[in-house]
Amino acid sequence: MAEARNKTFCILGCGNLGTAILENLINPSSNEADSLLFAKFVACVRSERSEQALKERFSKNLQRLTVSRGDNVKALQEAHVVVLGADPSDIEAVLTAPNVRDALANKLLISVVAGWTRQKLETTLYGSETTASNQDGRAWVLRTLPNIAGLVAQSLTAIEISEPALPDEHVQLAEAIFQRVGKTIRIDPKLMNANTALAGSTPAFFAVICDALIDAGVAVGVPRAMAQTTIYQAMQGTASLLQSGIHPGILKDQGTSPEGCTIAGLMVMEENAVRGHVGRALREAVTVARLMETETHPTYERGSPERRKLEEALKKLRSQLPVQATSKSEDQVLPSEHATTFTNYPLASKEQVSAAIESALKAKKSWEETPFVDRAAIFQKAAELVTTKYRYELIAATMLGQGKNAWQGEIDAAAELADFFRLNCNFAAELLERQPTRGTNGMWSRMDYRPLEGFVYAVSPFNFTALGGSLISGPALMGNVVLWKPSQYNIYASTLVYKILLEAGLPPDVIQFVPGDAQQITDTVLAHRDFAGLNFIGSSDVFRTIYARIGQGIGNKTYREFPRVVGETSGKNFHLIHSSADIPSAVNHTIRGAYEYQGQKCSATSRVYVPESRANEFLTKLKAGIKEITVGNPDKDFEAFVGPVIHRRSFDKIKSVIDAANKDPGLKLIAGGTYDESVGFYVHPTAYQATSPEHKLFNDEIFGPVLVVHVYPDGDWSKILKSVDQNGGGLALTGAVFAENRAVIREAENALRYSAGNFYINCKTTAALIGQQSFGGARASGTNDKAGSSDILRRFTSPRMIKEEFFPQTTFKYPSNH
C-alpha cells in the first residue's frame with residue numbers, strides 16, 4: 001500500500017459514483033488524512049460540460065488532479081491504477097479504441113460497471129480470457145460493484161475473487177480504495193449477479209418505499225417537509241437497529257400491539273402481498289443482471305469465434321444460391337450483386353390464400369383453448385433456437401438478402417427477433433394479470449382476454465427480419481390465428497423464422513405463411529367475413545389504402561366485428577441541435593442515425609437543424625465522419641459500414657432525388673451525392689445543406705442514405721421548434737434534441753410533444769430497444785400502438801368482463817321503492 005502512495009490513480013468515466021470515489025480519495029476524512037493512497041489523480045470525461053463541472057468541484061485540488069477530455073490513452077499511460085466507470089453501453093468503444101490495450105499493460109484495471117464480467121472485459125481487450133499462461137503484458141482485471149450510497153460514503157462494494165487469482169496486493173489496494181466510500185466484501189463470481197440486485201438495486205427500492213410513505217403522510221395531513229424528515233429518520237433508525245443484530249421479525253413484533261395501528265397497516269400490506277411483490281422485484285432485478293452478462297451482442301471483430309462462424313454460414317449459403325426455387329415465383333437478386341439470383345418469391349394463388357384462411361380458422365378453437373403457458377413455451381423455445389442453432393444462418397440470410405452488415409444483421413435477426421419472442425410472452429402475461437381490484441364482498445369480477453373472433457392479417461416489411469416475428473407472435477400469443485404475408489425482399493429470412501416456429505412446436509395451421517402478390521392476397525383477406533385485425537408495417541401510402549378499404553368493408557357490413565387496425569409506417573425523423581449540445585456526440589449519433597443500414601429504417605435520421613454558432617464545428621465533423629464511412633458488399637467487405645439499398649426501384653428513386661438535389665440552387669452538397677449500380681445497388685452516404693427549412697427534402701421520405709441539414713440563427717430557437725413540428729411531411733415517428741441546457745430540453749420536449757412518437761434526448765432517432773423503449777409514431781406514421789409493450793397485444797384481444805355473485809337476491813325492489 002505504501003508503494004501506491006507515489007503513484008497515479010485514473011478514473012475512466014467520472015459520473016456520480018466516479019466522482020464520489022475521487023472525492024473520498026483526494027479529500028480523505030480527518031482520520032484518514034495521514035494515509036493518502038495516491039500522489040496524483042486523472043479523471044477522464046467525454047463532454048466539455050463534465051470537464052468544467054469537475055474542475056469547479058475540485059478547484060482546490062488541481063495541482064494533484066488532471067481532468068482529461070478526449071485523450072484517454074495519455075491518461076492511461078500515466079496511470080498505475082485505473083477504475084473503469086464509463087457507461088455500460090460505452091465500454092466496448094472505450095476499451096477497443098486505438099492504443100488503449102497497450103496503455104493498460106500490466107496495470108490494475110478495476111471495473112465498477114454492471115453487466116460486464118471479468119472474462120467479457122478481458123475478451124473485449126485481448127480477444128480471449130486471461131489465463132495463467134497468457135497474463136504477461138495484460139492488465140490485471142478486477143471486477144467490483146459499489147452502489148449509489150457511495151455518494152455519502154455508505155456503499156457496500158462487492159469485490160469479485162476469481163481465477164486466475166490477482167496478486168494479493170492488488171486486491172488489498174482495491175479494498176483500501178472502496179473502504180473510503182463505505183464497506184467491502186469479497187465474493188465468488190457466481191454471486192455477483194445476485195449482489196448486483198441485493199446491494200445495487202435496493203437503494204432505489206428503499207427510495208420508492210420512502211416516497212410512497214411520504215406521499216401517504218401528506219395525504220393524511222402531515223406537511224411534506226415534516227413527512228420527509230420523519231420517514232428518513234425512521235429508515236435510518238431501523239437500519240441501525242437491524243445492524244445491531246435484531247432480527248427483522250423480532251423488530252416487527254416489537255413495534256406492534258394487539259388491535260393497534262401498526263398491525264392494522266401490516267395486515268393491509270400482507271393482504272396486498274407486498275412481501276411477495278418486493279421479493280419478485282428483487283428476483284426480476286437478478287434476472288436482468290444475469291441477462292446483462294449473457295445476452296450481449298457478439299462484436300464480430302476480426303479473429304473472433306462469432307465472426308468465424310458467421311463467415312462459414314455466409315460461405316455455405318452462397319454455395320447454395322439460388323435457394324428455395326419454386327415453379328411459380330419471382331426472382332429476388334442479391335442487392336449487393338444484382339446479376340446473382342439469391343432466391344425466389346413464391347406467388348400464392350387466390351385459391352391458396354383462401355385455403356390458408358380456412359385452415360387457420362379450423363385451427364382457431366384448439367389454439368385459443370391451449371393454455372397460455374403452453375403457447376408462451378413455444379415462443380420461448382423459438383427464441384432459444386434463434387440465438388443458438390439458427391443464429392448464424394439467420395444473420396447470413398439477412399446479410400445477403402437484405403444487404404445488412406454483420407452488426408446490423410446481429411441486432412436484427414438474432415437479438416431483436418429473440419427479444420420479441422421472449423418479451424412478448426412477458427407482455428402477454430402482464431396483460432393477463434390485469435384484473436379488477438377488490439370490490440364489494442359477496443361478488444367476484446374477472447377479465448377474460450379473449451382472442452379476436454376471426455383471423456389476423458400480418459404484413460411485414462423487408463428491412464427487419466425481426467419485425468415479421470413481432471407481427472405474428474403478439475397476436476398468436478393472445479390466442480389468435482394469423483395469416484402472414486412477408487415482404488418479397490426478405491422472403492428467405494422470413495421462411496427461416498417460420499421454420500423455427502414450427503420446430504419450436506407451433507401447430508402448423510395457427511400461423512399461415514403466405515407469400516405472394518400483395519394486392520391479390522389483400523383483396524382476398526379484406527373480402528372475408530372473418531377478417532378481424534390487421535398488423536401492418538410498411539409505407540404510409542399503402543397503409544392508408546388498406547385502412548380505407550377496411551373502412552369501406554365496415555360500411556358495407558362485410559365483417560362480423562369491427563377489425564382492429566394496427567400500423568407502423570413511414571418517418572421523416574429529425575435531429576434538433578441546440579448551441580449547448582455536445583457537438584462531437586451529436587455528429588456521431590447523426591451519422592449512425594442517418595446511414596446505418598443505408599438509411600433504410602423507418603426511424604432513420606433524415607433532417608437536421610444546427611445553430612449558426614456551432615454550424616462550422618458540426619458540418620466539419622459531419623463531413624469528416626462521412627468521409628470515413630466504408631461502402632461495400634456486406635459479406636465480401638465484412639467491415640463495411642454501408643451496403644447496398646434493397647432493390648432497383650429503391651435505387652432509382654434515391655438516384656433521382658440525388659440528381660435533382662445536385663442541380664438545386666437551394667442546396668449545397670456537404671458529402672456524397674454519388675451512386676454506383678455497376679455491380680450492386682450502392683448509394684454513397686450523402687448530405688446536403690438547405691437554405692430554407694421548408695425545402696422539400698425536409699418533407700419527402702426517401703428511405704435511403706440522404707440527409708438534409710439546415711443552419712438556423714441561434715436567436716430563432718423558438719421559431720425553429722415550430723418549423724420542426726410543422727415540417728416532416730405530416731409524419732411523426734421519431735425525433736431527437738441535443739442539448740445540455742435543461743431548460744432548453746424542457747422547452748423542446750413540450751413544443752415537440754406531437755412531433756414524434758419516440759422522442760430522444762441526446763440520443764439518435766434509431767435507438768429504441770425492446771423492453772426499454774416501446775415504439776410507434778402518430779400523425780401519418782401509424783396508429784402508435786407501441787410495439788415492444790403490452791399495449792399492442794391488448795389490440796388483438798376482445799376482453800369479456802365476468803361478474804359472479806355469491807348471495808341470493810331476496811327482492812326486486814330498491815330502498816326507494818318502499
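**Notes on a four-domain predicted model**

1. Let's start with a residue close to the beginning of the numbering. Leu22 sits in helix H1, which covers residues 16-26; helices (H or I, at least four residues) and strands (E, at least two) are DSSP runs, numbered from the N terminus. The model is a predicted one, where local features need pLDDT of at least 70, side-chain atom pairs count only at pLDDT 80 or more, and totals for chains, interfaces and linings use all residues. Residues are numbered from 1 along each chain as its sequence is written, and side-chain values use heavy atoms, with hydrogens and water left out.

2. Is Leu22 buried or exposed? Leu22 is buried, because its relative accessible area is 0%; the cut-offs are under 20% for buried, over 50% for exposed and partly exposed in between (1.4 Å probe, protein chains only). Leaving aside residues up to four places away in sequence, Leu22 touches Cys14, Asn27, Phe41, Ala43, Phe58 and Leu65, where contact means heavy atoms within 4.5 Å. Cys10 is twelve residues from Leu22 in sequence, and their C-alpha atoms are 9.2 Å apart in space.

3. Now for the overall layout. The protein splits into domain 1 (8-187), domain 2 (199-294), domain 3 (305-569 + 793-798) and domain 4 (573-773), with bounds that come from an automatic or database domain assignment. Notice that domain 3 is written as two stretches, 305-569 and 793-798. Between domain 1 and domain 4, the C-alpha centres are 36 Å apart.

4. UniProt has a label for one stretch: its unreviewed entry lists residues 190-290 as "domain: Pyrroline-5-carboxylate reductase dimerisation". UniProt positions are given in the numbering used here, feature names are shortened, and annotations may be inferred rather than shown by experiment. In the model, residues 190-290 are 82% helix and 0% strand, and the C-alpha atoms at the two ends of this stretch are 10 Å apart.

5. Which residue does UniProt list for "active site"? It is Glu568, again from an unreviewed entry. Glu568 belongs to strand S16 (residues 564-568). Glu568 counts as buried because its relative accessible area is 11%. Not counting residues up to four places away in sequence, Glu568 touches Phe536, Ile537, Gly538, Cys602, Leu733, Phe775, Ser781 and Gly782.

6. Next, the empty space inside. How many cavities of 30 Å³ or more are there? The count is one, and the largest cavity has a volume of about 110 Å³. On a 1 Å grid over the protein atoms alone, a cavity is a set of points where a 1.4 Å probe fits but cannot get out, and lining residues have an atom within 4 Å of a point. Grid points are joined across faces, edges and corners, and the volume is the space filled by probe spheres set on the points.

7. What lines that space? The largest cavity has 16 lining residues, and those nearest its centre are Gly599, Ala604, Ser606, Phe703 and Gly704. Strand S18 (605-611) and strand S23 (706-712) are the elements that give two or more residues to this lining. By class, the lining holds eight nonpolar, five polar and three charged residues. Here Ala, Val, Leu, Ile, Met, Phe, Trp, Tyr, Cys and Pro count as nonpolar, Asp, Glu, Lys and Arg as charged, and the others, Gly among them, as polar.

8. Some backbone oddities deserve a look. Most residues other than glycine have a negative phi, and most peptide bonds are trans. Glu163 and Pro164, however, are joined by a cis peptide bond with omega of about -5 degrees, and Pro164 is in the loop between strand S7 (155-160) and helix H7 (168-178). Another cis bond links Leu321 to Pro322, with omega of about -10 degrees; Pro322 is in the loop between helix H13 (305-319) and strand S9 (329-334).

9. As for phi, Asn99 is not a glycine, yet its phi is positive, about 75 degrees. Asn99 is in the loop between helix H4 (91-95) and helix H5 (100-103). Asn762 also has a positive phi, about 55 degrees, and is partly exposed, with a relative accessible area of 30%.

10. Last stop: Phe651, in helix H24 (residues 648-662). Phe651 counts as buried because its relative accessibility is 0%. Val683 is 32 residues away along the chain, but the two C-alpha atoms are separated by 7.5 Å. Val683 is also one of the residues that Phe651 touches, not counting residues up to four places away in sequence.

Terms used: On a 1 Å grid over the protein atoms alone, a cavity is a set of points where a 1.4 Å probe fits but cannot get out, and a pocket is an open set with protein on both sides within 12 Å along at least five of seven lines; lining residues have an atom within 4 Å of a point.
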